[in-house]
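Work through the exercises below with the model open beside you. Try each task before reading its solution.

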Amino acid sequence: TTFSNRGNIMEIKIDGDLGYKRLTSNADKAQIWLDNEVIKDTHKYVPFKTGILAKSAITGSNIGKGVIIYNTPYARYQYYGDSFKFNKHKNPQAQARWFEASKAVNISKWLNGVKTIGGR
């Protein structure tokens, strides 16, 4: 998994550790499923005041390319805000490094889904 900051964009790229690059016949379907599943499963960990940050993953990402983009001016600041006290009123599990939190819980589900869709 890699993270990058391009101006105001927080980009999370899911790489070979999930094994989807090895897939052949249904690789595109598996990638689309994985991207959508990562966004859906990660939502509950994303800081949520107005919902713009969470929604930016849907509007800012190119689903099917393996790159999830949280496209707000403050996404990177929030992502690395380890010392922040996030408002938990709307998202009780909101935290910094939300993708890592989601990955720790969902990696097996993601792997199994990609393998199933990919025909392995």
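The exercises go from the overall layout to single residues.

This is a predicted model, in which local features need pLDDT of at least 70, side-chain atom pairs count only at pLDDT 80 or more, and totals for chains, interfaces and linings use all residues. Residues are numbered from 1 along each chain as its sequence is written, and side-chain values use heavy atoms, with hydrogens and water left out.

**Exercise 1. Layout**

Task: Give the order of the elements in the protein chain, from the N terminus on.

Solution:
- Start with the count: the protein chain has 4 helices and 3 strands. Helices (H or I, at least four residues) and strands (E, at least two) are DSSP runs, numbered from the N terminus.
- Then read along the chain: the elements run β-β-α-α-β-α-α.
- Add burial: 43% of the 120 residues count as buried. Buried means under 20% relative accessible area, exposed over 50%, and partly exposed in between (1.4 Å probe, protein chains only).
- Finish with contacts, meaning heavy atoms within 4.5 Å. Among contacts between residues at least 6 apart in sequence, 63% join residues at least 24 apart.

**Exercise 2. The core**

Task: Find which residues of the largest nonpolar core touch the most other members.

Solution:
- Set the term: a nonpolar core is a set of buried Ala, Val, Leu, Ile, Met, Phe, Trp, Tyr and Cys residues joined through side-chain atoms within 4.5 Å.
- The largest such core has 18 residues, and Val38, Val46, Leu53, Ile68, Tyr70 and Trp98 touch the most other members.
- At least two core residues each come from helix 1 (27-42), helix 2 (52-60), strand 3 (67-71), helix 3 (75-79) and helix 4 (98-118).
- Helix 4 gives the largest share, 5 residues.
- Now take Leu53. Leaving aside neighbours within four places in sequence, Leu53 contacts Val46, Pro47, Tyr70, Thr72, Tyr74, Ala75, Gln78 and Trp98.

**Exercise 3. Two faces of a helix**

Task: Explain why the buried residues of helix 2 lie on the same side.

Solution:
- List the buried residues of helix 2: Leu53, Ala54, Ser56, Ala57 and Gly60.
- They cover an arc of only 155° around the axis, so they sit on the same side of helix 2. The arc is that of the directions from the helix axis to the C-beta atoms.
- Look at the face turned away: it carries the exposed residues Lys55, Ile58 and Thr59.
- Identify the cover: helix 1, strand 3, helix 3 and helix 4 are included in what covers the buried residues.

**Exercise 4. Buried or exposed?**

Task: Decide whether Tyr45 is buried or exposed. Do likewise for Lys85 and Asp35.

Solution:
- Tyr45 is in the loop between helix 1 and helix 2. Its relative accessibility is 5%, so Tyr45 counts as buried.
- Tyr45 and Gln95 are 50 residues apart along the chain, yet their C-alpha atoms are separated by 5.7 Å.
- Not counting residues up to four places away in sequence, Tyr45 touches Asn91, Gln93, Ala94, Gln95, Trp98, Ala101, Ser102 and Val105.
- Lys85 lies in the loop between helix 3 and helix 4. At 84% relative accessibility, Lys85 counts as exposed.
- Asp35 lies in helix 1. At 0% relative accessibility, Asp35 counts as buried.
- Beyond residues up to four places away in sequence, Asp35 touches Asn62, Ile63, Gly64, Lys65, Gly66, Val67 and Ile68.
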